[in-house]
Amino acid sequence: MQKSKWGSFIIIAAVTLVVYAVVRTLETMGLIDQYWQRVLDQALIMTIGALGLSIIYGFTGQFSLGHAAFYGLGAYSAGLFSKVYNSDHNLLLFMVSLLVGAAVAGLVALVIGLPILRLRSDYLGIATLGFGIIVKVGMDNFNKLIPALGGATGMSGTPQLANFDWLFIVALLVIILVRNFVYSTYGRACTAVREDEIAADVLGINTTNTKVIAFVLGCALAGLAGGMYAHRYPFLHPSSFDFLKSFDFLLVVVLGGLGSITGTVVTAVAWVFLLEVLRFVLGQTFIDFRGVIYALILIIAIIVRPQGIFSGREIGFLVPKPFSTLVGRKDGVNAGTGS
Amino acid sequence: MVSMPVLVLEDIDKSFGGLKAVSGFNMTIEKGEVVGLIGPNGAGKTTVFNMISGIYRPSSGKITFLGDEITGMAPYLVCQKGIARTFQNIRLFRENTVLDNVMTIFHPRAGYNLLDAVLRTPRFKRHESAITGQAMELLSALGLEDRAYDKAMNLPYGAQRRLEIARALAGRPRLLLLDEPAAGMNPAEVVKMVELIKYVKEKFDLTVLLIEHQMGMVMKLCERLVVLDFGQIIASGLPAEIRSDPLVLEAYLGKGAAV
C-alpha cells in the first residue's frame, strides 16, 4: 500500500517535470516564441478558471452563466492592488494580490450566492447572467469612483509579475486542490446535490451549505485566474470579462464532460489553442468566422457526444486510491440479499 | 423509566390549495414496532411521509420524535435527528458509485473539515478510512459489497432498492420510513425483501414505518396497520382485524364488496 502510494506520487512528479522541461526546452530553442508563450499562459489561466466552474456546474450541478464576472472581479481587484501598492517586494506583492483577487471574488460569490442558490437550474442561470451584466456595467463605469480602474477605456499599470513558471505551479496546485476537494466528503455532498437534491436533503446533507461552499470555492478560483491574468497581460478591459467569456468557460466544462477534472483541463488548454490556430487558418479577412466554427463544434459535440469528451472519467492520478482494504475492485455479479 | 414513543403525530392536516390531502391524522409509534401505512392510491400516504421527513410542513398539527418537536424542521435536520427514509420512485445518486452513495450520508459526521480535505491531513485519512470501512460493512450487510465500485444506475432494480435502504441506514436512524420497498417486485423478490427488512430491523435496532401495496408483504411484516383513505384514517389495528374490516374492503374494492 505504502509503496504503491509513493509510486503514483513519483509518476505524477515525473510527468509534471517532463511537461515543464519540454516547454522550457522548446522555449530556449526558440521553437516557442513570445506569441505562443502568451497563448500557452492564457491556456493555463483558462484551466484555473474553468476548474472553478467545473466545481460549480460539473460537480454540483449549479448552472452559472456569470463565471466571467468573478474572473473579472479577481482581475480588477488583484490588478488594482498591485498597481496601488507597487513596490520592490515583488514576490510578496504578487502573492498578496492573488489572494486579494480570489478573496474578493469569493466574498462577492458568498453574498450573491446565499440568495440565488435557492433557485433551480434555469432560474439560477438567468440570475447569474444578470449578475454578469451588472458587473460588466460596473467595470465600464467604476472609474467614476476609483479613477485607477480605468472604466471603459481599460486599465493598465499593473506590474507584470506572472510568467509561465508561476502559472504552471499555480495551475498544478489548483488541479490538486480540486481533486482533493472532489474526493472528500465535501465533493460527495456536491455530487449528491447534483444527482438528486431532494434525496440529499432528506438524507441529512445541508444542501444550501453545500451549494454555497461549491459556488464560493469555484468563484474564488475564477478570481485567482483573473489575478493571474492581470499580472500577465498589461491591459485589462471590461470586454474581456463579458458574457461571451462566461460562455467560453461554460463551453470548456460542458465539452470536457461534466464531472471530469481531466476533461476540463484538457479542453481548457485545447480550446485556447484552437482559437489561436483558427486565427491563422482563417486569416485576417475571415477572422470573425471563428464564432461560426466554434458554435458548430459545440453543436456537433452535443449531438455526437452529449456526455462530453471525457464523460466523467479521469486519468489515473486524478483519482485517489480508495481507503478500504476490505474488498478490491471486482466485477462480479450481484450476490443477492445479505441474509 | 417509561419508554417514550418514537413518533407521535397529532391532529395533522395538510391541504394543497383547496385539496385536503390529509386531515385529522393521529398516530403513535412505539419503539421497535413495525407499522404499515396502507390505503388506495392517492390516499395521502406519501404526503404523511413527506411531512414526517420535513419536505412538507403540515398546515396544522404537531409531530414529535423521541420527545422533541420536529414539525416543519428542515429535512436534513430531521434526518440528523434520526429519521431516514427511502423513496417510492427510487432516488439514488445515479452517476455516483454504490460505495459513494452510502459514504455521502456520513457527511454530517465526517469528522474533518474543508482544510483537512484539501491538505489531506492525517485526520482526513483517519476519518475517511473509517467512513469507507463502515460504508463497506453496510454494503456487506445488504449484499452489495461486490458492486461497491459500480455506478448506482447500473444496478438491477432489486439491488437499487437495497442500496436505498443501505443509504438510509448510513444516517444511523432510529426510525426508518420505507415508501413501497417492494414496488414492482415479483413474489420471490418480495419474500426476500420481507426477510431483509426483518434482518435490518433487528441488526440496527430500528422502528419501522412502511407504506406498501402488496398485502402479502404487509401481512407478513407488520405488527400493526393504519389504513388511510381520502386523507383520513378509516381503520387501524392488527393485520388480521384489518383484513376483514368492511370499511377497508370498501375503500379498496368499492361499495358492496364487504357483503
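None of the 15 residues of H12(A) is buried, so this helix lies largely in the open. The model is a predicted one. Helix H12 of chain A covers residues 290–304. At 1.5 Å a residue, its 15 residues should span 21 Å, and the end C-alpha atoms are indeed 21 Å apart.

The two chains meet through 50 residues of chain B and 37 residues of chain A. On chain B, several elements each supply at least two residues of the side that touches chain A. Among them are helix H2 (75–81), strand S6 (83–85), helix H3 (98–104) and helix H4 (114–119). Helix H5 (122–141), helix H6 (157–169) and helix H7 (187–203) also belong to this set. H5(B) gives the largest share, seven residues. By character, the side of chain B that touches chain A divides into 25 nonpolar, 11 polar and 14 charged residues.

Chain B also contains an open sheet of four strands. The strand order is S2-S1-S4-S5, and the pairing is antiparallel. Strand S2 (19–29) and strand S5 (68–69) of chain B stand at the edges. Each has a single partner strand, so one side of each is left without a neighbour in the sheet. Strand S1 (residues 7–16) of chain B runs antiparallel to strand S4 (residues 60–65) of chain B, and five bridges join them. In this part of the sheet, B:Asp13 stands opposite B:Ser60 of S4(B). Helix H1 (residues 45–52) of chain B packs on the sheet. H1 touches S1, S2 and S4 of chain B, and its direction makes about 65° with that of S2(B).

Notes:
Residues numbered from 1 in each chain as written. Chains lettered and ligands numbered in written order. Predicted model: local features only at pLDDT ≥ 70, side-chain atom pairs only at ≥ 80, totals over all residues. Contact = placed C-beta atoms within 7 Å. Nonpolar A, V, L, I, M, F, W, Y, C, P; charged D, E, K, R; others polar. Pairing = 2+ DSSP bridges. Axes fitted to C-alpha atoms, helices over the stretch in contact; angles between N-to-C directions. Expected span 1.5 Å × (residues − 1). Buried ≥ 20, exposed ≤ 12 C-beta atoms within 10 Å, placed from the backbone.
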